[in-house]
Amino acid sequence: MARQTAIQDSANKATNDGGGWWKRLLIWREKHIPLKTFVVLLALIVGIASGLAAVLLKTLIALIAGFLTSRFNIEQGNLLYLVFPAIGILLASLYVYYIAREPISHGVTRVLYALALKKSRLKIHNMYSSLIASSVTIGFGGSVGAEGPIVFTGAAIGSNLGQAFRLSPQILAMLVACGAAAGIAGIFKAPIAGMLFTIEVLMLDLTAGAAIPLIAASVAGATVSYVFTGYNVEFFFSQSEPFFTSRIPFVLLLGVFCGFVSLYFINLIDRIEGRFKRLRNRWVRFAVGGLTLSVLIFMMPPLYGEGFDGITRLINGDVTGIFNNSLFYPYRNNTVAVLLFLFALGAFKVFATAATNGGGGVGGTFAPSLFVGCMAGVFFAYLFNHLGLIDPQTPLSIKNFALMGMAGVMAGVMHAPMMAIFLTAEMTGGYDLFLPLLIVSASSYGVCRIFTPYGIYSRRLAKRGELLTHQKDRSVLTLLKMDSVIEKDFTVVHPDMSLKDMVDVIAQSHRNLFPVTNDDGKLIGVVQLDDIRNIMFRPDLYRRMNVDRFMSIPPAKVIVGTPMERVMKTFDDTGAWNLPVVDEDGKYVGFVSKSKIFNSYRQVLKHYTYD
């Protein structure tokens with residue numbers, strides 16, 4: 001009855017305010033459609049829209065790349081490789097600077113940031129800006145992937161649809177996850193991998209209430225992709241060579257190798273992009289990035305775009321095909337040349353990816369990790385086959401190890417072994433290799449995890465203490481902001497005040513803790529009521545003792561902006577219940593207390609949990 005009255009009051013207010021048809025629709029929805037049912041319907045809409053966006057992005061990239069490179073001579077180098085990639089970076093950077101007017105690269109990291117600190121709110125232009133910029137970047141040869149942009153696009157679709165219906169932050173987070181999952185499902189035709197992406201990479205808890213909309217969105221995104229591009233896998237793979245259990249030691253060794261390749265990928269990308277950020281002039285960044293990328297692609301054409309053509313050739317056993325369009329085409333049948341070229345492609349793909357993003361292009365690192373993994377797997381098998389350590393009658397399968405290498409490097413780079421397994425199997429149809437895919441992914445992830453606790457998408461936010469994780473306590477503390485828990489109703493005292501003045505302050509205060517500051521406002525100590533209770537009622541000391549005689553040094557100080565997880569660690573280390581907050585100059589701001597943080601924790605936990 002109370003709910004019906006509230007709805008009617010809302011309807012009357014909307015009518016009186018001239019709220020229009022949209023407000024009336026919101027009220028009608030609240031009255032007639034249960035929230036959980038409505039969320040599933042929205043998840044389906046988000047899935048369909050994200051699937052369409054994925055199809056559009058793939059089509060645009062294929063059209064641009066096909067138009068530019070279809071007439072290239074496969075038996076020699078093509079000078080236009082020195083031109084097209086730089087043009088793509090230039091066009092994308094101009095679009096970002098003059099139209100989008102904010103950075104839109106590293107889409108997955110930006111989705112993680114939105115989930116952690118922006119209440120899952122993304123701007124309207126994020127629903128299309130990444131599509132435009134990344135299609136130009138990749139179509140012209142930018143050595144990045146379309147998966148980061150499509151995740152950002154799908155997440156923005158979910159966020160803006162949820163905002164339009166005035167939904168709460170916990171439901172917005174669910175719709176953001178649905179859009180991201182549908183984007184992955186649509187771009188790779190891999191619905192299971194799309195779901196696992198939200199769990200392992202976006203690190204959202206899959207509760208019973210969240211499972212249904214997430215499944216609906218992923219299936220819808222993949223279905224749309226199948227409808228428009230056919231019921232076939234992303235990469236054609238035919239397993240003509242069976243996997244034998246005697247190969248398991250080599251599979252384990254490949255997993256370890258992929259783990260170290262993943263570390264190389266993560267650390268080098270981070271370091272090179274850091275160098276680009278230090279270049280303040282965007283034209284200098286473009287010049288360095290464009291020149292680096294163009295030269296690399298001219299020397300090694302498989303680095304052009306996502307590199308999926310090279311992957312398709314290798315997982316079908318065509319090793320010599322990676323020499324097409326290059327200066328090294330005449331050496332395609334030389335064993336040493338093949339090994340050197342495979343090694344160079346895997347090693348320099350990282351440079352090409354970092355140069356693309358650092359120079360102003362827009363794209364992700366999903367596809368580059370697949371490309372590097374494929375090169376690593378083929379290099380591993382090709383090397384062992386030609387070292388004389390393998391029986392020539394039963395060599396290691398180039399095709400199978402290419403597939404396993406893709407899963408291994410993706411598992412290490414993304415810190416997402418389950419997603420890597422299912423994504424590789426779904427986009428190639430290589431389900432018969434499920435056991436070796438599992439072994440390689442798990443061992444690669446294990447090796448990588450020893451040296452770095454975070455994947456390539458999460459490490460930037462983790463360094464700043466802004467990352468949501470599967471540890472609910474840590475995630476809620478990340479969502480808490482320092483400003484929301486600082487208490488400022490404490491009476492400030494000064495060191496030259498007498499005990500009499502201090503007693504007068506205590507009589508008028510409702511607190512038992514008093515910050516002591518100097519003339520510059522800097523905190524120099526605290527006075528606790530319990531510490532002076534024994535002298536408060538001794539008038540003979542009122543004029544003889546000053547605050548600086550009985551104040552104490554706080555066990556620790558908290559600087560404004562400190563991540564809440566670190567604040568709680570400080571509480572644990574000191575055993576304190578209240579800690580003073582100061583700014584960078586040491587000036588007093590207020591206090592934080594455990595009780596205030598615990599109350600805020602409960603509110604945030606309730607506010608952001610969707611079940």
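Which residue of S5 is the bridge partner of Val 582? The answer is given in point 5, after an account of the protein as a whole.

1. Overall composition. The structure under review is a predicted model. The protein has 611 residues, and 56% of them count as buried. Its secondary structure consists of 26 helices and five strands. Of the contacts between residues at least 6 apart in sequence, 76% join residues at least 24 apart.

2. Nonpolar cores. The largest nonpolar core contains 140 residues. Within this core, Phe 188, Phe 197, Phe 366, Met 414 and Met 419 have the most contacts. Helix H15, which covers residues 366-386, is the element that gives the most to this core, with 14 residues. Another core lies apart from it and has 19 residues, including Val 493, Met 497, Ile 506 and Ile 532.

3. Surroundings of Phe 197. When residues up to four places away in sequence are not counted, Phe 197 touches Val 108, Val 151, Ala 180, Ile 184, Leu 202, Phe 366 and Met 419. Two of these names, Phe 366 and Met 419, also appear with Phe 197 among the residues that have the most contacts inside the largest nonpolar core.

4. The hairpin of S1 and S2. Strand S1 (residues 513-517) pairs with strand S2 (residues 523-528) in the antiparallel sense, over five bridges. One of the pairs links Pro 515 to Val 526, its bridge partner in S2. The two strands form a hairpin with five residues between them, and in the turn Gly 521 has a positive phi of about 85°. Why is S1 described as largely enclosed by the rest of the structure? The reason is that five of the five residues of S1 are buried. In a regular strand, side chains alternate between the two faces of the sheet. In S1, Leu 513, Pro 515 and Thr 517 point one way, while Phe 514 and Val 516 point the other way, and all are buried.

5. The three-stranded sheet. An open sheet of three strands follows the order S3-S4-S5, and its pairing is mixed. Strand S3 (558-559) and strand S5 (588-593) are the edge strands, each pairing on one side only. Strand S4, residues 578-582, pairs with S5 in the antiparallel sense over five bridges. To return to the opening question, the bridge partner of Val 582 in S5 is Tyr 588. The hairpin of S4 and S5 has five residues between the strands, and Gly 586 there takes a positive phi near 85°. Five of the six residues of S5 are buried, so this edge strand is largely enclosed by the rest of the structure.

6. A buried loop residue. Leu 433 is found in the loop between helix H17 (417-428) and helix H18 (434-451). Is this residue buried or exposed? Leu 433 counts as buried because its relative accessibility is 0%. Leu 403 is 30 residues away from Leu 433 in sequence, and the two are 8.7 Å apart in space, C-alpha to C-alpha.

7. The second largest pocket. About 790 Å³ of space lies in this pocket. Its lining comprises 33 residues, and those nearest the centre are Ala 65, Tyr 304, Gly 307, Phe 308 and Asp 309. Four helices give two or more residues to the lining: H3 (35-69), H6 (129-139), H8 (169-188) and H13 (308-314). Helix H3 gives the most, with seven residues. By class, the lining has 16 nonpolar, eleven polar and six charged residues.

8. Cavities. How many cavities of 30 Å³ or more does the structure hold? There are two. The second largest cavity has a volume of about 50 Å³. It is lined by eleven residues, of which His 106, Gly 363, Gly 364, Thr 365 and Tyr 457 lie nearest its centre. The lining of this cavity divides into three nonpolar residues, seven polar residues and one charged residue.

Key:
Residues are numbered from 1 along each chain as its sequence is written. This is a predicted model: local features need pLDDT of at least 70, side-chain atom pairs count only at pLDDT 80 or more; totals for chains, interfaces and linings use all residues. Side-chain values use heavy atoms; hydrogens and water are left out. On a 1 Å grid over the protein atoms alone, a cavity is a set of points where a 1.4 Å probe fits but cannot get out, and a pocket is an open set with protein on both sides within 12 Å along at least five of seven lines; lining residues have an atom within 4 Å of a point. Grid points are joined across faces, edges and corners, and a volume is the space filled by probe spheres set on the points. Ala, Val, Leu, Ile, Met, Phe, Trp, Tyr, Cys and Pro count as nonpolar, Asp, Glu, Lys and Arg as charged, and the others, Gly among them, as polar. A nonpolar core is a set of buried Ala, Val, Leu, Ile, Met, Phe, Trp, Tyr and Cys residues joined through side-chain atoms within 4.5 Å. Buried means under 20% relative accessible area, exposed over 50%, partly exposed in between (1.4 Å probe, protein chains only). Contact means heavy atoms within 4.5 Å. Two strands pair if DSSP finds at least two bridges between them.
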